[in-house]
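Colleague: I am still learning to read helix packing, so could you take me closely through one part of this model? Please start with one pair of packed helices and then show me how the chains meet.

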Amino acid sequence: MFANFDFDVIRRSLSYLFFDGMTFTLTLTSLAAFGGIVFGTLIALMRLSGYWLPGRIAGLYVDLMRSLPLVLVIFWFYFLVPYIGQWLTGSSRPVRVGAFASSLITFTLFEAAYFSEIMRAGIQSISKGQPAAAQALGLTYSQTMRYVVLPQAFRNMLPVLLTQTIVLFQDTSLVYVLSIPDFLGAASKVAQRDGRLVEMYLFSAVVYFAISCVASFGVRRLQARIAFVH
Amino acid sequence: MNYHWNWRVFWEPAPNGTGTYLDMLLSGLVLTIETAIRAWVIALIFGAVIGVMRTLPSRTASSIGFAYVEFFRNMPLLVQLFLWFFVLPEILPNSWGLWLKQIPNSPFYTATIGIGLFMSARVAEQTRAGINSLPRGQQLAATALGLTTAQTYRYVLLPMTLRIMLPPLTSEFLSTIKNTSVAITIGLIELTAEARAMQEFSFQVFEAFTAATILYLVVNIVVVIAMRFVERGLAIPGYITGK
């Protein structure tokens, strides 16, 4: 079945696949994970703030994002971001936004909903005595969060946050629907140009599989180490 | 904003001749639900079998289960759909590949099977977690009573597990519905694709996406409410989820 398998098409396109495609995918993954964790933590703090309105807004945001398919959200932001840009800058026409910026905004805001649920669980897992003790020492709310609660919540949730980042890494392949050349997009461009769908799609499957496997193995090791210290 | 809103666009006839734009979106919704339910059946059957295999005492069975789950979990769904749709017909023997390519409606079948198998790995993990969450005493007691492994699963472990698993299964079913939209890439004209088509025909981007968003929300709410009734009916008395 591999009789007319053309390995050369993979070799010829390696530099395009990795220097252009994989760089895009990894940059998007890491920036969106960072932004998503920051926003997600803020959303989690809003939900746990005890104030009705911020808690309500954060809850609605999370529920909305979590009930929509990512593909639809990608389309939404692709068309919406130029108008938001126009509104923010006060220009007379919708702002042109590049493919990378548009997908970065999409993934950051979408994943923030998922990261916020993880951070919320992390914050709630800290025993009540800790913030109480911090308050007794005279720390303000923001100091309590900054120095006592969040560092521990983050540390406990690190494996889950990283697992979600692996999911995010796989999900970035969906920018394919906007014909953006991420790793899969680049592979599919070559595949269609050279008529080599089988080779290119099998190869990208192997690459995604290898990276995700290694990453989740690393997370499992980390989890064992964290569990041991406790 | 210089965007021209026109909410009446839904009642205008769509250029593809199937009725109004609203009809177009609704037919997409039907296809989304149809794909999701069929994929869910596949996911439940394969997921339950693989999940049970991972908890069996046999080394071979649990390694096969482990390999299965890792295989389907470590590749993006989109890549898996491409493998089923573009790659599989090419690497099969010629006559089979030809037969596969000539099946009418092949995006629908590919999406159903691809999404079903992708979700089955996650159902398997939930099944395994459910079985492992039972107190060890249950299995030991069943063994002490002289039940075989098959009987232990059939009469003791699975009836408990399936009921404990309902809440996580609900959210996996919601994921299945959302994941059907990935099949837009292999040409399945489900709800997101219909919204996109409507945007291209009518230029009313935000109306089309708003309508799709509302339809997805309604489906979610209906599933959550329906499952809450099922969960209440099947809850195990004395367990956290039971009353």
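Modeller: Happily! Let's begin inside chain B of this predicted model, where B:T32, B:A36, B:A39, B:W40 and B:A43 in α1(B) meet B:F173, B:T176 and B:I177 in α8(B). Sorted by class, the residues of this contact are six nonpolar, two polar and no charged.

Now look at how the two helices lie. Two packed helices are described by the angle between their axes and by the distance between those axes. Here α1(B) covers residues 21-55 and α8(B) covers residues 166-179; their angle is about 130° and their axes are 9 Å apart. Because of that angle, α1(B) counts as oblique to α8(B). An angle over 145 degrees would have counted as roughly antiparallel. The crossing of α1(B) past α8(B) is right-handed.

With that pair in mind, turn to a pair that joins the two chains. Helix α3(A) packs against α10(B), residues 205-234 of chain B, at an angle of about 155°, with the axes 11 Å apart. This angle is over the 145-degree limit, so α3(A) is roughly antiparallel to α10(B). As for handedness, α3(A) passes α10(B) in a left-handed crossing. On the α3(A) side you can find A:L72, A:F75, A:W76 and A:F79, and they face B:V205, B:F209, B:A212, B:T213 and B:Y216 of α10(B). Eight of these contact residues are nonpolar, one is polar and none is charged.

Let's step back to the whole contact between the chains. Chain A puts 29 residues into the contact and chain B puts in 28. On the side of chain A that touches chain B, the elements giving two or more residues are α3 (70-89), α6 (141-171) and α8 (197-229) of chain A. Of these, α8(A) gives the most, with eleven residues. By class, this side of chain A has 22 nonpolar, six polar and one charged residues.

Finally, here is chain A as a whole. Chain A has eight helices and zero strands. The C-alpha trace of chain A spans about 75 × 55 × 25 Å along its principal axes, and 38% of the 230 residues of chain A count as buried. If you take the contacts in chain A between residues at least 6 apart in sequence, 72% of them join residues at least 24 apart.

Methods: Residues are numbered from 1 along each chain as its sequence is written. Chains are lettered from A and ligands numbered from 1 in the order in which they are written. This is a predicted model: local features need pLDDT of at least 70, side-chain atom pairs count only at pLDDT 80 or more; totals for chains, interfaces and linings use all residues. Two residues are in contact if their C-beta atoms, placed from the backbone, lie within 7 Å. Helices (H or I, at least four residues) and strands (E, at least two) are DSSP runs, numbered from the N terminus. Ala, Val, Leu, Ile, Met, Phe, Trp, Tyr, Cys and Pro count as nonpolar, Asp, Glu, Lys and Arg as charged, and the others, Gly among them, as polar. Axes are lines fitted to C-alpha atoms, for helices over the stretch in contact, and angles run from 0 to 180 degrees between N-to-C directions. Angles under 35 degrees count as roughly parallel, over 145 as roughly antiparallel, 65 to 115 as roughly perpendicular and the rest as oblique. A crossing is left-handed if the near helix is turned anticlockwise from the far one by less than a right angle, and right-handed if clockwise. A residue is buried if 20 or more other C-beta atoms lie within 10 Å of its own, exposed if 12 or fewer, and partly exposed in between; C-beta atoms are placed from the backbone.
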